Amino acid sequence: MNIFNPRILDASIRDVTGCLSDIQKADVLLHALQHLPSEGSRIVMENAVQSFLQVSGVPSADIARALLLRAKTRLAAGYRTSAQQDLLSVLCSDPANQDVKAIIQSEHLRQEMLIREPDGPPRFSAEIWRQIALCLPKRDLKSLLLVPHALSRIASQLIFREIDLHFTALPDLSRVENRYRGVHDEQELNAWHYQRSADILTRILVDPVFASQVRSLSVYGVVSDASHTLAFQTGLWSFFNVTMSQSLLGMLINSLPKLCNLRSAHCSGNREIINRMLATMCASNHRLYSLSINLVDRSGDIDIPSFKHITHFSITAEGGNSTSTHDFISQSHDNLRSLVLKNANWTFPTDVIAVRHLTTIEFEGCFSVDSQVFSEILSTGHQLESLTLSGILECTPSATFRLYRSSLPFLRHFALKIVSLHRHVTDRDLVPAISEFLRDRKHLHSFHLIVPSVDHRRIGFDASAWGVLPSLTNLRSLCITYPRDLSPSLAGWLIPRSVCALTMEIMVPPAEDLLLFMNQLRPGVPPLLTFVGMTNFPIRSVINVIEHGFSNVRIARIDESVWSIIRLDDGSMEVEQWPYRRVKYHAAGMVGVPRV
């Protein structure tokens, strides 16, 4: 009879086997495998035999037949070591098996070769390899792309879970460095970033599997618009940049709906780019958990749609109105667990934030005279693990720190950076109150305290501020201003032995011998120290810093420059300076600050 639907045979086989027991299904599978060609069917054979061997109660003769079929397929595919393992397993149960002897003779094998242990790598499953790859840094994953193994595909998937797109090569490039870069080099770098971004966006548009793997997307848009044009973009090249940026922006907007598993997004650019990205992501029903915004327009404002699942929200701006930001925070206050606000002109919005729900707060702004930020955070922030405050101080919060001495029981990171003091502010008990607030906190892993050099005595900062450090026995990261009245020979021993990353803002007089300062500090330096940073440091020779003060560190930072310390086998030392982009995008987390 003529079968009108070729799939009806497949359905009939499925219906029949559905009525059989597991052992009977295994028998049917084994019979079908005998008709499978050895060439080009290894994966099908591997999966089928593996499932066959999982069935309990199968006769040993059938197990031997299945192993023989798999051995033939493996030999045809060139997997001789694994095929020898199957042949050895058959011989162990049936030493006189004629089929095995025939294979040994046809493949020119010797029976003693089957007894030796396989010299190849272990045949782990893809799931195990994936768990191994998850523990590797991105630079090692990039190396795995060159390995002819399943790890290459797994590494590719993991690398592109997080995608960074740069529509301009050097956003926020300092003028000092820009003078030393030729226009030709800048054009080449811009063209490279345009091509890279276009390739990634094209892959997202045409490959749904690739798009579904993306979990995190960071977009660094153009930093120029009608009122802010980069100085080096002139003539035809400026027109080319604008045209390409608009083209990439169109591709980006079309790609966002394809990212069905996107969970974290960062948008850095002007108002137009950010508004279009946010509107598209909201309309695409992305289940975003993390949203980070960096608005480069000084006077612009953005419209933040109502995302329903945001647990982390971050916004950085140099100006603009805070109304839309406060409205978004008010709508999301029940879900928010991490909040980052950076705008020098804003105050902390205590009236729209549910501090009791937050585990991370980072605020950079203005602490006005009537500010309730310290009392609100210390009185209700019971779940806080990370607290970072920075800005201009116009209030006197020392009494609040004294009042809530035992609050924030889960605090792991505490940072306070006082950019400047209002001329009428004098709070000599502030630093002593903070010291008592943090004293004996065994769970504190990171402590940062930066004060202005000219007004430090108005807030009670002197050598006694370092007296709290020995009580922080599990401290891993320390960033602190070095007071003028602290002896270097004592300062090193005050630092907890557990510290791995140390950053100091030096306040020593310019006439002081800094090499002598380093030599006196060196005996008390923690033995586990791997990173050291110095700001306001007159010495520009990193070699002198390492040789005279910190002989074991692997990374050193002086002001805005970073070096890797390479120690050779003969005991000598070399330093490698980081390029600008590496410092900009990777140096922020070197001092142990939690990345939120």
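A residue is called buried here when its relative accessible area is under 20%, exposed when that area is over 50%, and partly exposed in between. With that scale in hand, the reader can approach this predicted model through a pair of charged residues, arginine 74 and glutamate 46, both of which are buried. Their side chains meet in a salt bridge, with a distance of 2.8 Å from N to O. The pair ties together distant parts of the chain, since arginine 74 belongs to helix 4 and glutamate 46 to helix 3 (residues 42-53), with their positions 28 residues apart in sequence. Side chains of opposite charge can pair when their charged atoms come close. The two residues also take part in a network of salt bridges that links Arg42, Glu46, Arg70, Arg74 and Asp86.

Next to arginine 74 in sequence is threonine 73, which is placed in helix 4 (residues 60-77) and counts as buried because its relative accessibility is 1%. The side chain of threonine 73 reaches the backbone oxygen of leucine 69 at 3.0 Å. Once neighbours within four places in sequence are set aside, the contacts of threonine 73 are with Ser38, Ser41, Arg42 and Met45, and among these Arg42 is also a member of the salt-bridge network. Between helix 3 and helix 4 runs a loop that holds glutamine 54, a residue that counts as exposed because its relative accessible area is 58%. Glutamine 54 is 28 residues from alanine 26 in sequence, while the C-alpha atoms of the two are 9.7 Å apart in space.

The structure as a whole holds 10 salt bridges, and two further examples can be set beside the buried pair. Arginine 203 forms a salt bridge with aspartate 207, with the closest N and O atoms 3.0 Å apart; arginine 203 has a relative accessible area of 40% and is therefore partly exposed. Glutamate 436 and arginine 439 form another, their closest N and O atoms being 3.1 Å apart. In this bridge glutamate 436 is partly exposed because its relative accessibility is 29%, and arginine 439 is partly exposed because its relative accessible area is 26%.

From the charged residues the view can widen to the whole chain, which contains 22 helices and 16 strands. Of its 596 residues, 46% are buried, and the accessible surface comes to about 30,500 Å², with 53% of that area belonging to carbon and sulfur atoms. Among contacts with a separation of 6 or more, 65% are made by residues 24 or more positions apart.

In soluble globular proteins, nonpolar side chains tend to be buried together. Here the largest nonpolar core has 119 residues, and those with the most contacts inside it are Leu252, Met281, Phe313, Phe414, Phe447, Trp466 and Phe550. Helix 18 (residues 430-438) supplies the largest share of this core, namely six residues. Apart from this core lies another, of 12 residues, which include Ala71, Ala83, Leu91 and Ile104. Returning to phenylalanine 313 in the largest core, and leaving aside neighbours within four places in sequence, one finds contacts with Leu291, Ile293, Ile304, Thr325, Phe328, Ile329, Leu336, Ser338, Leu339 and Val340.

Helix 9 (residues 150-159) offers a view of burial along a single element, for it is mostly covered, with seven of its 10 residues buried. The buried residues are Leu151, Ser152, Ile154, Ala155, Gln157, Leu158 and Ile159, and what covers them includes helix 7 (126-133), helix 8 (138-144), strand 1 (162-166) and helix 12 (208-213). On the surface, by contrast, Ile8, Leu9 and Ile13 form a nonpolar patch with about 260 Å² of accessible area together. Isoleucine 8 lies in helix 1 (residues 7-17) and is partly exposed because its relative accessibility is 36%.

Two aspartates deserve a look for their backbone angles. Aspartate 440, in the loop between helix 18 and strand 10 (446-450), has a positive phi of about 65° although it is not a glycine, and its relative accessibility of 47% is why it counts as partly exposed. Aspartate 559, in the loop between strand 14 (555-558) and strand 15 (561-567), has a positive phi of about 55°, again without being a glycine; aspartate 559 is partly exposed because its relative accessible area is 22%.

Conventions: Residues are numbered from 1 along each chain as its sequence is written. This is a predicted model: local features need pLDDT of at least 70, side-chain atom pairs count only at pLDDT 80 or more; totals for chains, interfaces and linings use all residues. Side-chain values use heavy atoms; hydrogens and water are left out. Patches are made of residues with over 30% relative accessible area and no salt bridge: like charges are joined within 9 Å, nonpolar side chains (Val, Leu, Ile, Met, Phe, Trp, Tyr) within 5 Å. Accessible areas come from the Shrake-Rupley method with a 1.4 Å probe; for residues, only the protein chains shown count as cover. A salt bridge is a side-chain nitrogen of Lys or Arg within 4 Å of a carboxyl oxygen of Asp or Glu. Helices (H or I, at least four residues) and strands (E, at least two) are DSSP runs, numbered from the N terminus. Buried means under 20% relative accessible area, exposed over 50%, partly exposed in between (1.4 Å probe, protein chains only). A nonpolar core is a set of buried Ala, Val, Leu, Ile, Met, Phe, Trp, Tyr and Cys residues joined through side-chain atoms within 4.5 Å. Contact means heavy atoms within 4.5 Å. A polar contact is a pair of N or O atoms within 3.5 Å; within protein, one must be able to donate a hydrogen and the other to accept it, and residues adjacent in sequence count only if both atoms are side-chain atoms.
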